[in-house]
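User: I should like a close look at a single part of this protein, namely its salt bridges. Please set them out in one connected account, with their surroundings.

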Amino acid sequence: MAARDSAKVAAGLGSASDVKLDAAVIAALPKGCRVLAAADHGVSQWGKTQRLDAELADGTRRRYFLKTVHNSRNSTSNKNNTTAAPATATAIDGEAVVCGEYESMRAIRAVVPGFAPAPVAWGTYRSDAGAHFILSAFRDMAPAVPTSAVGPSPSAPENAMPSPERFAARLAALHEGSESPPAGRFGFHVKTGAGVLPQHVAPWEDSWEVFFARSLRQALDLEAARRAAAGRPPWGSEMDALAALLFDRVIPRLLRPLESDGRSVRPTLVHGDLWHANTGVDAHTGESLVFDACSFYAHNEYEFGQWRPACNRFDKRYLDAYHQIVAKSEPIEDYDGRLDLYKLKFNTHVAALFVEDESLHKQMMNDIRDLVERYGNEDDMQEDEEEEEESSIYESRSPSSGNNELEFRQAFSLLCRTNL
């Protein structure tokens with residue numbers, strides 16, 4: 001039974017005998033639970049989403065949310081001719097996606113319990129090794145209030161936007177209340193996927209500058225590889241030159257000051273893909289909710305790179321409310337530049353996800369050009385280096401090399417450009 005046929009209930013209703021679910025999903029439900037109905041619910045770019053109405057062994061009614069994600073077609077096949085593990089780095093690894101979301105939601109709830117629906121289980125279909133699922137508690141979302149005669153599309157209704165103040169308070173509690181398991185390090189303990197493509201979360205890293213550079217490098221590599229696989233035009237010489245400046249000058253210019261002159265970045269748990277469509281308001285409690293997380297421990301301001309694109313509905317009110325609670329990182333004068341750099345990471349990943357849309361690649365290129373124009377000036381970098389003393393970040397990175405900052409910077413630039 002394919003995942004897309006796993007539940008067939010006319011008009012969203014049906015008796016228990018009507019409901020057909022994979023055995024792995026049934027096994028993940030509480031013992032003695034009986035599924036009364038299953039129906040398509042919501043819209044997902046990457047898989048099938050359903051609401052399950054169930055009755056527990058004691059007669060209590062409960063609802064669950066089921067998401068199923070398939071490995072991509074260019075994955076390997078097992079002996080039963082079903083889709084198994086992905087064969088290439090550009091393929092969709094459904095297992096990593098659902099496992100990463102499950103662990104992300106667990107981590108968020110461990111810090112702010114009501115901020116995300118409770119994850120119940122994740123697993124692989126017994127009938128199809130290439131179909132993977134995540135099961136979680138179902139939460140009713142308040143619908144958006146139409147602001148015009150057009151209103152939200154009935155086929156893809158939007159959730160109500162949370163209150164800036166209440167949402168900011170919960171997000172700040174998540175960032176301020178979290179601590180990475182290896183204290184002071186950036187990363188995550190399992191693979192996570194933004195959308196259905198992998199993002200860099202390992203190995204654990206002490207330096208935010210190094211971690212982010214590796215993350216952006218992976219996203220750019222992925223975009224280039226998926227363009228090639230889709231037959232899109234390859235990067236040209238301009239992109240190669242811009243990428244070199246991006247890693248040699250822009251990233252050090254914007255992120256190195258965060259970890260220089262006695263400053264440091266505390267790793268905090270981020271949602272990882274916090275655009276407005278991954279949030280909502282609980283229809284019963286009125287509290288803010290987040291879902292579809294792909295978390296890791298990062299600089300807290302990384303979260304707001306996803307708020308920069310014009311299509312996002314998290315406007316200045318949300319940032320202002322957040323920074324009433326959590327101050328901007330020093331140096332504050334680099335704040336806008338840092339957020340634009342973080343925005344580039346998100347836009348690069350989106351360009352890789354929707355590689356057939358050339359406008360997204362052009363947007364990514366424009367982001368890089370803008371950053372290089374603003375922060376890629378060699379004279380500015382030289383002035384900054386003359387003013388800086390050797391930072392403890394370099395001492396801790398290579399204690400046996402005589403603490404040679406230039407040596408580390410050269411190695412760092414080479415590392416970040418590898419395979420770009």
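Analyst: A salt bridge is here a side-chain nitrogen of Lys or Arg within 4 Å of a carboxyl oxygen of Asp or Glu. The side chains of D315 and R317 satisfy this criterion, with an N to O distance of 3.1 Å. The model in which they are found is predicted. Both partners are partly exposed: D315 has a relative accessible area of 32%, and R317 stands at 48%.

A search of the whole structure returns 28 salt bridges. One of them joins E287 to R170, with 3.7 Å from N to O. E287 belongs to the loop between β11 (279-281) and β12 (288-290), whereas R170 sits in helix α3 (residues 164-177), so this pair ties together parts that are 117 residues apart in sequence. Its two members fall into separate accessibility classes, because buried means under 20% relative accessible area. R170, at 16%, counts as buried, while E287, at 26%, is partly exposed.

A further pair is R263 and D261, whose side chains meet at 3.8 Å, N to O. Here R263 is partly exposed at 31% relative accessibility, and D261 is exposed, with a relative accessible area of 56%.

Salt bridges also occur as a network, which links R308, D336, D340, D370 and R374. In sequence, D340 is followed by L341, a residue of the largest nonpolar core; this core has 62 residues, and L341 and W208 have the most contacts inside it. Helix α5 (residues 237-255) supplies the largest share of this core, eight residues. Leaving aside residues up to four places away in sequence, L341 touches F212, L216, L246, V250, I251, L254, L255 and L371.

A second core is separate from that one and has 17 residues, including V19, L29, F133 and L135. F133 and L135 lie within the span of strand β7 (residues 131-137), of which six of the seven residues are buried, so the strand is largely enclosed by the rest of the structure. Strand β3 (residues 61-70) pairs with β7 in the antiparallel sense over seven bridges, and I134 in β7 is the bridge partner of K67. Strand β6 (residues 119-124) is also antiparallel to β7, over five bridges, with A121 partnered by L135. Six residues separate β6 and β7 in the hairpin that they form.

As wider context for these elements, the protein contains eleven helices and 13 strands, and 51% of its 420 residues count as buried.

Notes:
Residues numbered from 1 in each chain as written. Predicted model: local features only at pLDDT ≥ 70, side-chain atom pairs only at ≥ 80, totals over all residues. Heavy atoms only, no water. Helix = DSSP H or I, 4+ residues; strand = E, 2+ residues; numbered from the N terminus. Buried < 20%, exposed > 50% of the residue type's maximum accessible area, 1.4 Å probe, protein only. Core = buried A, V, L, I, M, F, W, Y, C linked by side-chain atoms within 4.5 Å. Contact = heavy atoms within 4.5 Å. Pairing = 2+ DSSP bridges.
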